[in-house]
Each structure stands twice: as C-alpha cells, then as structure tokens.
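Grab a pencil and work through a few short exercises on the structure shown below. Try each task before you read its solution.

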Amino acid sequence: MSGVKGTAGKQAVLVLGCPQVPVQTSIALYLAAHLRKKGVIPVIAGNRAARLNAEVSDPDRHYTGEIIDLDRFIEDLAADRRKYDYYFIFIHNDAGISYAATVQALTGVTVVAVIYGEHFKEMAAEIEFPCEKIAVKAVHNPMPLKKKIDEVLPWVVSNL
Amino acid sequence: MGCVESLKYEIILRGASFKECREYVRTHCSEYYDVQPGFHIFEKAVIGVPPISIGLDGDTVTFPYTKPCYGTFLMQIDDHDEAERIRRTAPRKKK
C-alpha cells in the first residue's frame, strides 16, 4: 500500500443507496480500491441489497472490508459511537439526498455527494447544504463517474 | 417499541420529497416541531434534510420515514406515549 502522507489508517465510509442503478456497485468497489491505495480504509454501509451486491462482487474482500447495515451506521452516528474521516454518499434519488443531509447534520463535516443516474442534475440542484459534489450522468456505463472520481479523489483525500 | 414497519401506520404521502413532507406537516397538523436528523421517533433516528417537521394531532404522530429504495413516506401512527415524548423532548415547537 503506497498511501498518501497523512491518510494512513484513516477511515472512509461509502454510504450506498438502493442498487437499482447498475453503476453503483462497480463504482463503490472502484472507489474502495483507490482509497486503499491511498492508505484509507473503506467501510461500506448499505441496505441488505446494496450490501449483498458488494459482497458478491468482491467475495474475497480485496477491495471492500467492513460492510455494515445502513440503519446501524445512522444509529451509531446519531449516538456519537463512531466517526469516520471521509463520508462518501451515493445519490441517485431523493432518499440519497436525505441520507447525505442526515450525515452532514450529524457529523458537521463536509460530505462528498457522489451523484449519478438519469436525474443527476436535478439531484445536484436539490442539495442546498454544504458538501462536495461529484455529479455526472452514469447509469449503465461507469466510465464517466470513474473519470470524475479519478479527477477529484486526490483533492478530496488531501483536503477534507 | 418495535420497528416502525411493525406498527399500525397510515401512509399519507408516498414517494414524496422531503420538501413535500415538510409542507404537508406544517399545513395540515395542529402542532408541529422542527427537529434535526437523528432525532428519535419510535426508537429510530429520523432521516432527512433539516429542518424536519414532525406533526402532532392529539396522539397522532405524523413524520417522514425514508427507505433507500422507495424514497420518503409521510406516515401517521397513533401512539399516546410517543406523542407525549415528542412534546417533552423535541427542541422547538413551531405551531
């Protein structure tokens, strides 16, 4: 693991939405892999379907690590039992915005909104709370979102 | 108290935006409280874009409930103890 100065041992949580948009799982694994290369430990939070997609796609946990239930993740944040260094919230619908706003309000830190899907522009425009937005149309083809993440991730890891 | 979904509830709005839920509560409920995400309703941290408006009409609690795959529902549940707990613990009464 090469790592980036100052990131070793830090934890990032990837909060997944409903896996109905095909690119979600591939981008989550891609992001987890790149965070690992930077020395950041990824944790995935999602509902049962999102967790199973990640687990089945990465059976030996090369990219993912700890995978936790979405409700437990929120309850732990609300009770101040657990904190992370980076928060990536996957958003393709209104529920995703609600989760991002909730994480931002509970932590007070700048979250990274990973916005994709058919309605990415409307979703991005709905977000009025402070956050970093990675927004691009990506539904079946993950490459536009992958390219955005490649551009932004070094800055995110160094500055948030 | 068990899971919200195991309680007897009525769905007021289905697939609503957080703004629609807030407006409905503020317009239709006889009293409402603005709470932050993480405030507990029926032992579950509420999800949403703050301020989240929770409505009360006597013992009827009206609140948003978000599920990742289905979006946000505005639900009503009759529960005297929970309504009184919200009146005691919610930070700001708005109406």
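Here come three exercises, all on a predicted model.

**Exercise 1.** Work out which residues of α2(A) are buried and why they sit on the same side of the helix.

Solution. Start with helix α2, residues 48–57 of chain A: A:Ala50, A:Asn53 and A:Ala54 are buried there. Next, look around the axis: these residues cover an arc of only 95°, so they lie on the same side of α2(A). That fits a general rule: an α-helix has 3.6 residues a turn, so residues three or four places apart point the same way. Now flip to the other side of α2(A), where A:Arg48 and A:Val56 are exposed. Finally, find the packing partners of the buried residues: α1 (23–37), β2 (41–46) and β3 (66–69) of chain A.

**Exercise 2.** Describe how α1(A) packs with α6(A), using the axes.

Solution. The axes of α1(A) and α6(A) (residues 143–159) come within 11 Å and cross at roughly 25°. Angles under 35 degrees count as roughly parallel, so α1(A) is roughly parallel to α6(A). The crossing is right-handed. As for side chains, A:Val23, A:Ile27, A:Tyr30, A:Leu31 and A:His34 of α1(A) meet A:Leu145, A:Lys146, A:Ile149 and A:Leu153 of α6(A). Sorted by type, the contact has seven nonpolar residues, one polar and one charged.

**Exercise 3.** Which helix of chain A gives the most to the side that touches chain B?

Solution. Begin with the totals: 18 residues of chain A contact 16 residues of chain B. On the chain A side, α3 (70–78) and α4 (94–107) each supply at least two residues. The winner is α4(A), with nine residues. By type, the chain A side splits into 10 nonpolar, six polar and two charged residues.

How values were computed: Residues numbered from 1 in each chain as written. Chains lettered and ligands numbered in written order. Predicted model: local features only at pLDDT ≥ 70, side-chain atom pairs only at ≥ 80, totals over all residues. Buried ≥ 20, exposed ≤ 12 C-beta atoms within 10 Å, placed from the backbone. Helix = DSSP H or I, 4+ residues; strand = E, 2+ residues; numbered from the N terminus. Arc of directions from axis to C-beta. Contact = placed C-beta atoms within 7 Å. Axes fitted to C-alpha atoms, helices over the stretch in contact; angles between N-to-C directions. Parallel < 35°, antiparallel > 145°, perpendicular 65-115°, else oblique. Left-handed = near helix turned anticlockwise from the far one by under 90°. Nonpolar A, V, L, I, M, F, W, Y, C, P; charged D, E, K, R; others polar.
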